[in-house]
Amino acid sequence: MSAIATELSAAELSKWIAPVLLIAFAYIVVPLIGGSYLFEAILLPFLALSLAGVGLNILTGYAGQVSLGSAAFMAAGAFAAYNFNLRVEGLPLVASIIFAGIVASAIGIVFGLPSLRLRGFYLAVSTLAAQFFVQWALTKFSWFSNDSASGVIDAPKLFIAGFEFDGAVGRYLFALTVVVILTFLAYRLVSSQTGRNFIAIRDNETAARIIGIPVLKTKLLAFAISSFIIGIAGVIWAFAYLRTVEPAGFDLDRSFQILFIIIIGGLASIRGAFLGAALIVVFPLALSRLGNFLLGDLFDSGVLDMSQRIVLGALIILFLILEPDGLVALWDRVRRRLLLAWQSS
């Protein structure tokens, strides 16, 4: 019995080696070797979109509830954090971010109520209402933007516990810390009984109800947790990456972008959100370089945008047909083959 326990603990320990090494590399090595372009153009949007992908994957990948309102919850989080920080004197930034996540969570519950009656395409359309309603409210009522004439406001400086996370490296470390904490909590959640309840409802709602899972409560819980994480991802997007808070940064394209991330990366996979976000962030940059190399000045921003949409659409179709489990399954398959080749050599 003790031998089995030792073997299980060793397996559990080995599972954490790679993530711990990767996090150590991200904290120690990347700030030393990375340039401003790496942080501003790649790592900061990657971290924000990865966290949003983690949040949406909890709702769609694990709980099976389709949502097209992710950008609305990001906007709710960003504007709520801005207003808490502006209007509540002495409130720490960390508290503002947590309260912003709670506001996004509450909005997610409201727009998740149709999931009690609707499924699939009809639920996706109902969550799309959140996108239009939140954007309308943020542009209609100037109070949210502190009566700014343009609707675009500068994000507050990142002061936490007396330290200012200034510059590209500081904002990267702030975003990295938030993403690491919430990703770990999301992993623990999907590994718990609550995560198993999500999966049971996704696979067969009737069977889940028969075995005693509170289906309605669990669905709303999935919306609440997902919206909380996506709302905080919106804070990172606005405060650390854009450094402005504006409704245009959270349009419908952003919602589809996050959905594409979990489809390409892999549904019901925490790693899949990061792999999908990496592809979504790096792909336009690589396509731009390749297009300029092959076509020169003919490859302008309009051609780049259209080419990006066409190729991304083709990639999504290919993944849905050839590899429905996404990049994470492809990565696992390649890793197993390399391991077998190494063992046989």
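**A buried loop serine and the helices around it**

S145 is a good place to begin: with a relative accessible area of 3%, S145 is buried. In this predicted model, S145 lies in the loop that joins α5 to β1. Leaving aside residues up to four places away in sequence, S145 touches F79, L138, G151 and I153. Two of these partners lead into the helices described below, since F79 is part of the α3 side of a helix contact and L138 is part of the α5 side. The loop between α5 and β1 also holds N146. Here the exposure changes, as N146 is partly exposed, with a relative accessible area of 35%. N146 also has a phi near 55°, a positive value in a residue other than glycine. Most residues other than glycine have a negative phi.

It helps to step back to the whole chain before following the helices. The chain contains 13 helices and four strands. Its radius of gyration is 21 Å, close to the 20 Å that the globule rule gives for 345 residues, so the chain is as compact as a globular protein of that length. Along the principal axes, the C-alpha trace spans about 65 × 55 × 45 Å. Of the 345 residues in the chain, 45% are buried. Contacts often bring together distant parts of the sequence: among those between residues at least 6 apart, 75% join residues at least 24 apart.

Helix α5, residues 120–140, comes just before the loop that holds S145. At 1.5 Å a residue, the 21 residues of α5 should span 30 Å, and the 31 Å between its end C-alpha atoms agrees with this. The buried residues of α5 are L123, A124, S126, T127, A130, Q131, V134, A137 and L138. Several of these positions are three or four places apart, as with A130 and V134, or V134 and L138. An α-helix has 3.6 residues a turn, so residues three or four places apart point the same way. What do the buried residues of α5 pack against? Their partners are α3, α4 (93–112), α9 (215–242) and α10 (252–265).

The packing of α5 with α3 can be described in detail. Two packed helices are described by the angle between their axes and the distance between the axes. The axes of α3 (residues 70–87) and α5 come within 8 Å and cross at roughly 30°. That angle makes α3 roughly parallel to α5. On the α3 side the contact involves A71, A72, F73, A75 and F79, which meet A130, Q131, V134 and L138 of α5. By class, the residues of this contact are eight nonpolar, one polar and no charged.

Helix α3 also packs against α10, with their axes 7 Å apart and at an angle of about 115°. The two helices are therefore roughly perpendicular to each other. From α3, the contact draws on S70, A71, A72 and M74, and from α10 on R254, S255 and I258. The contact of α3 with α10 has four nonpolar, two polar and one charged residues. A71 and A72 thus appear in the contact with α10 and also in the contact with α5.

Beyond α10, the loop leading to α11 (270–295) contains A268. A268 has a positive phi of about 55° although it is not a glycine. At 28% relative accessibility, A268 counts as partly exposed. Another loop residue, P214, is found between α8 (205–210) and α9. P214 is partly exposed as well, with a relative accessible area of 42%. Measuring from C-alpha to C-alpha, P214 and I201 are 9.5 Å apart in space, while 13 residues separate them in sequence.

Two further helices complete the tour. Helix α2 (residues 36–62) contains S50. Is S50 buried or exposed? S50 is buried, with a relative accessible area of 0%. Not counting residues up to four places away in sequence, S50 touches A273, F274 and A277. Helix α13 (residues 326–344) has 19 residues and reaches 28 Å from its first C-alpha to its last, close to the 27 Å expected at 1.5 Å a residue. G326, L327, V328, A329 and D332 are the buried residues of α13.

Technical notes:
Residues are numbered from 1 along each chain as its sequence is written. This is a predicted model: local features need pLDDT of at least 70, side-chain atom pairs count only at pLDDT 80 or more; totals for chains, interfaces and linings use all residues. Side-chain values use heavy atoms; hydrogens and water are left out. Axes are lines fitted to C-alpha atoms, for helices over the stretch in contact, and angles run from 0 to 180 degrees between N-to-C directions. Angles under 35 degrees count as roughly parallel, over 145 as roughly antiparallel, 65 to 115 as roughly perpendicular and the rest as oblique. Contact means heavy atoms within 4.5 Å. Ala, Val, Leu, Ile, Met, Phe, Trp, Tyr, Cys and Pro count as nonpolar, Asp, Glu, Lys and Arg as charged, and the others, Gly among them, as polar. The expected span of a helix is 1.5 Å times one less than its number of residues. Buried means under 20% relative accessible area, exposed over 50%, partly exposed in between (1.4 Å probe, protein chains only). The radius of gyration is taken over C-alpha atoms; the globule rule is 2.2 Å times the number of residues to the power 0.38.
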